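Have a look at this one when you get a minute. I've jotted down some points on its empty spaces and on one helix pair.

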Amino acid sequence: ARAAGLHGALTFDDKLGLLSQAGLTGAAQQWIIDIKNTFDNHEPLFDEDSDRYSAGSATFRGHDWFGYDTARKNPDIYPGAGHASGKVGTDFDSNGISGTRRVNGVTTTYKDLYCDDEPRASRRGLIAIGDSATAHFSIPPEWWNGSVWTHDTFKHFNECLENELDWPTKAWGSGFARGVGAPFEAPETVSIYTRLYDLNHCSYNDRQNAGFNGGSASDLLGQVDQIHRSKEDHPVVLLAFLLGNDVCAHRVEDITPADEYSQYFAEFLAALDAKLPADSIVAVSGSVQGSFLYETMGPHMHPAGTTYFNIYDGLDCYGRNICPTWLTPDVAVREEADRRGALQNAALEQLIRDAKADNRYPSLRLLYVPCPIDTIIAETPADQVWTLVEPSDGFHPNDAALAREAEIVWDKLVEAFPDALGPDAANPHNDEISARFLQNFTTREW
C-alpha cells in the first residue's frame with residue numbers, strides 16, 4: 001500500500017487492486033469476492049442452483065446451516081418442497097425417502113406411503129431467524145490459555161472461522177449433531193429441529209438457520225429473503241428470537257425504541273405471511289434482562305487468567321465492549337437498559353396479541369414466548385447463574401442454557417399447538433422410515 005502511494009483506510013476494491021498488482025489471478029480475486037459476499041450477505045459459498053442449499057461445503061453457510069442439497073443442480077428439489085419434481089419416486093424434498101413399491105397391485109411412492117397419508121400439519125420444517133444466540137456463537141475457552149494447549153486444541157480452527165465462530169450444528173433451534181462427527185465430539189444436541197424430526201421422520205433434513213452475529217430487529221425483514229420457502233411447500237415452525245442487540249448500544253439513548261421495535265416485527269410478520277405456507281407456526285421472543293451479567297460474571301475468572309471485571313473494562317477502554325449498556329459498572333445505565341428492553345418486550349407481546357385477535361396474518365399461527373433465558377435465570381440458584389454463560393465472552397448463553405431454552409420453548413409450542421406438535425401428531429411410520437431409509441445416514445453428513 002505504501003509503495004502504491006495509498007494512505008489511510010483502504011476500501012475492499014483498493015485491496016483487490018493491490019492483490020492484482022501482486023500477481024493474483026482473476027479467478028483467485030473472484031474467490032475472495034465470493035467469500036466476502038458469504039460473510040456479508042450470509043449466503044452459501046457453494047450453491048450451484050441458487051436455492052440457498054449447499055452440497056459443496058458444510059461451513060461457509062453450507063449444510064451446517066441449511067439442510068443438505070441432494071440435487072445441487074436442480075432448484076426444484078430441496079428440503080421441505082411440497083411439490084413433486086423429477087421421475088416418480090424421486091426424493092424431491094431431500095428427506096432421504098425415495099423409490100416406489102406395489103401395494104395391492106397399485107404402484108405407490110414411499111413418500112406417499114410414509115409421509116403424505118398423514119395430515120399436512122403433522123410434518124414441519126424448522127427455520128431459525130435471529131442473532132448470535134440463534135446461530136450459537138461460541139469461542140472454545142481453551143484457546144485463551146496456552147498452558148492447556150495440545151496438538152488437538154486448534155484442529156477445528158478453520159471450521160470455526162468458516163462458520164463465523166458460530167456452531168449451528170449445536171444451536172438450540174436448528175441443531176442436529178447427535179454426537180456423530182460433531183465439533184469437539186459434542187454430546188447429543190436436542191433442539192427444536194430434532195424434536196420435530198422425532199415427531200415425524202419425514203421432516204428429516206428440513207432445517208434452516210439464518211441467524212447471524214449482531215442481528216437485531218431491523219435485520220428481520222432482510223432475513224426473510226435469506227430463507228427458502230414457498231406457499232406450496234410444507235409448513236414450518238419458525239423461531240424469531242432476539243436476545244439483546246436492540247438493547248446493547250453505545251448509549252442508552254441509542255437503544256431501539258419500543259414502538260420502532262414493534263414496527264420491525266410487524267413488517268417481518270407481514271413478509272412471512274406472504275411467503276410461508278398456510279398453517280405455519282411462528283414463535284417470537286424479545287430481550288433478556290441482561291443487567292445481571294456485569295455483577296454476576298465480574299468476580300469470576302476468565303479463561304485468559306483475569307477477572308471478567310478486567311475483561312469488560314479492558315474491552316470498554318479499547319472501544320470493543322460488545323454491550324456497553326449492560327457490561328458496565330454504571331448501575332443506573334444497566335437498570336435503564338433493562339427497563340427499555342422490558343418496554344420492547346411488552347410492545348412485541350401486544351403486537352402478537354392484537355394480530356391474533358384480528359387474524360392479521362392468516363397464514364401464521366402466532367405465539368409470543370417470554371424470554372426463556374429470564375426463566376432459566378429465575379430457576380437457577382443465584383450463585384450458579386454464572387455457569388450458564390459462555391466463558392470466552394462472558395455474555396452469550398452456553399450449551400447448558402441453550403439446551404434448557406430448547407426444552408422450555410418446545411413445551412410452550414406443544415402447549416399452544418397440541419394438534420400440530422403433540423403426541424397425537426406423531427407419524428406412525430417413523431420406525432419403518434428409519435429402518436428402510438435413514439439407518440445409513442448420520443445427522444451430520446449424507
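1. Start with the largest pocket, which 17 residues line in this predicted model. Closest to the pocket's centre you'll find Phe137, Ile322, Asp393, Phe395 and His396. The pocket holds about 370 Å³ of space. Its lining is a mix: eight nonpolar, seven polar and two charged residues.

2. Now for the closed spaces. There are seven cavities of 30 Å³ or more, and the largest cavity has about 140 Å³ of space. Its lining counts 15 residues, with Phe292, Leu293, Ile373, Phe395 and Pro397 nearest the centre. What classes of residue make up that lining? It has 14 nonpolar residues, one polar and no charged ones.

3. Keep an eye on helix 12, which gives the most to the lining of the largest cavity, with three residues. The second largest cavity has about 90 Å³ of space. Of its 14 lining residues, Ala133, Phe241, Leu242, Leu243 and Glu405 are the closest to its centre. Helix 4 (132–135) and helix 12 are the elements that each give two or more residues to that lining.

4. Next, see how helix 12 (residues 372–379) packs with helix 13 (residues 399–416): their axes come within 9 Å and cross at roughly 110 degrees. An angle from 65 to 115 degrees counts as roughly perpendicular, so helix 12 is roughly perpendicular to helix 13. The crossing is right-handed.

5. Who touches whom here? Pro372, Ile373, Thr375, Ile376 and Glu379 of helix 12 meet Ala401, Arg404, Glu405, Ile408 and Val409 of helix 13. By class, that contact has six nonpolar, one polar and three charged residues.

How values were computed
Residues are numbered from 1 along each chain as its sequence is written. This is a predicted model: local features need pLDDT of at least 70, side-chain atom pairs count only at pLDDT 80 or more; totals for chains, interfaces and linings use all residues. Side-chain values use heavy atoms; hydrogens and water are left out. On a 1 Å grid over the protein atoms alone, a cavity is a set of points where a 1.4 Å probe fits but cannot get out, and a pocket is an open set with protein on both sides within 12 Å along at least five of seven lines; lining residues have an atom within 4 Å of a point. Grid points are joined across faces, edges and corners, and a volume is the space filled by probe spheres set on the points. Ala, Val, Leu, Ile, Met, Phe, Trp, Tyr, Cys and Pro count as nonpolar, Asp, Glu, Lys and Arg as charged, and the others, Gly among them, as polar. Axes are lines fitted to C-alpha atoms, for helices over the stretch in contact, and angles run from 0 to 180 degrees between N-to-C directions. Helices (H or I, at least four residues) and strands (E, at least two) are DSSP runs, numbered from the N terminus. Angles under 35 degrees count as roughly parallel, over 145 as roughly antiparallel, 65 to 115 as roughly perpendicular and the rest as oblique. A crossing is left-handed if the near helix is turned anticlockwise from the far one by less than a right angle, and right-handed if clockwise. Contact means heavy atoms within 4.5 Å.
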